[in-house]
Amino acid sequence: KTVRNDNSSRFGKLIQVDFEKGSGKVVGGNITQYLLEKSRIVKQAPGERNYHIFYYLCANCETDSKQQKELQLQGADQNYYTSQYDNNDAIFVEGINDQAEYGKTLKAMDTMGISSAEQADVMRTVAA
């Protein structure tokens, strides 16, 4: 969430297209993604939200005591990086169920073939 909308992208993409000399036919290409505004990880502007995954993980830890104990996370309203301005409008966004989105994130990781152990490693890294 930013002051502009609830889903502002923090990523940029560079699309490179390779052409064949002479004919001009497309022969290849690639997309490079890069993180914008790295500073948002540690500080947000008033009324803005940090990265969604932090809120998803905190929401899940509120009901999953095993994960909460392992990751040492509280609710998003009790975490410095997700509640710097004590602004509930940024912490809890109308229409977004962070715990349900956490479940969707895990399902997407399953679909991509990421094992449960690897998913746990990712969440430990995010929580760190």
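**Reading a predicted fold, feature by feature**

Biologist: Let me start with one residue: is Tyr-51 buried or exposed?

Modeller: Relative accessible area settles that: under 20% is buried, over 50% is exposed, and partly exposed lies in between, using a 1.4 Å probe and protein chains only. Tyr-51 has a relative accessible area of 13%, so Tyr-51 is buried. Before we go on, please keep in mind that this is a predicted model, in which local features need pLDDT of at least 70 and side-chain atom pairs count only at pLDDT 80 or more, while totals for chains, interfaces and linings use all residues. Residues are numbered from 1 along each chain as its sequence is written, and side-chain values use heavy atoms, with hydrogens and water left out.

Biologist: Thanks! What pattern does the protein follow along the sequence?

Modeller: Helices and strands are taken as DSSP runs (H or I of at least four residues for a helix, E of at least two for a strand), numbered from the N terminus. Here there are five helices and two strands, and along the sequence they follow β-β-α-α-α-α-α. Of the 128 residues in the protein, 28% are buried.

Biologist: How should I read the span of helix 1?

Modeller: Compare the C-alpha distance from end to end with an expected value, which is 1.5 Å times one less than the number of residues. Helix 1 covers residues 52-63, twelve in number, and reaches 18 Å, close to the expected 16 Å. Its buried residues are Phe-54, Tyr-55, Tyr-56, Leu-57, Cys-58, Ala-59, Asn-60 and Cys-61.

Biologist: Which residues make up the largest nonpolar core?

Modeller: First the idea: a nonpolar core is a set of buried Ala, Val, Leu, Ile, Met, Phe, Trp, Tyr and Cys residues, joined through side-chain atoms within 4.5 Å. The largest one has eight members: Tyr-56, Leu-57, Cys-61, Leu-71, Leu-73, Tyr-102, Met-109 and Met-123. Helix 1 and helix 4 (98-111) are the elements that give two or more residues to this core, and helix 1 has the largest share, with three. There is also a second, separate core of six residues, among them Tyr-51, Cys-58, Ala-76 and Ile-91.

Biologist: Which residues does Met-123 touch?

Modeller: Contact here means heavy atoms within 4.5 Å. Leaving out residues up to four places away in sequence, Met-123 touches Ile-53, Leu-57, Gln-67, Leu-71, Tyr-102, Thr-105, Leu-106 and Met-109. By the same reading, Asp-98 touches Arg-49, Tyr-55, Tyr-56, Ala-59 and Ile-91. Asp-98 is found in helix 4 and is buried, at 10% relative accessible area.

Biologist: And what does Thr-32 in strand 2 contact?

Modeller: Beyond its neighbours within four places in sequence, Thr-32 is in contact with Gly-12, Lys-13 and Leu-14. Thr-32 and Lys-13 are 19 residues apart in sequence, with C-alpha atoms 5.6 Å apart in space. Thr-32 lies in strand 2, residues 26-35, and counts as partly exposed at 37% relative accessibility.

Biologist: How many aromatic pairs does the structure hold?

Modeller: A pair of aromatic rings is described by the distance of the centres and the angle of the planes. Rings of Phe, Tyr and Trp (its six-membered ring) pair if their centres lie within 6.5 Å; planes under 30 degrees apart count as stacked, over 60 as edge-to-face, and the rest as tilted. The structure holds one such pair. The rings of Tyr-51 and Phe-54 have centres 6.3 Å apart and planes at 85 degrees, so this pair is edge-to-face.

Biologist: How many salt bridges does a search of the whole structure find?

Modeller: The criterion is a side-chain nitrogen of Lys or Arg within 4 Å of a carboxyl oxygen of Asp or Glu. The search finds three. Glu-70 pairs with Arg-124, with the closest N and O atoms 2.6 Å apart. That pair links distant parts of the chain, 54 residues apart: Glu-70 is in helix 2 (residues 65-71) and Arg-124 in helix 5 (residues 116-127). Arg-124 also bridges to Asp-121, at 2.3 Å between the closest N and O atoms. Those two are three residues apart in helix 5, so about one helical turn separates them. Shared partners join Glu-70, Asp-121 and Arg-124 into one network.

Biologist: Where is the remaining bridge, the one between Lys-104 and Glu-101?

Modeller: Lys-104 and Glu-101 are in helix 4, three residues and about one helical turn apart, and their closest N and O atoms are 3.3 Å apart. Lys-104 counts as exposed at 53% relative accessibility, whereas Glu-101 is partly exposed at 24%.
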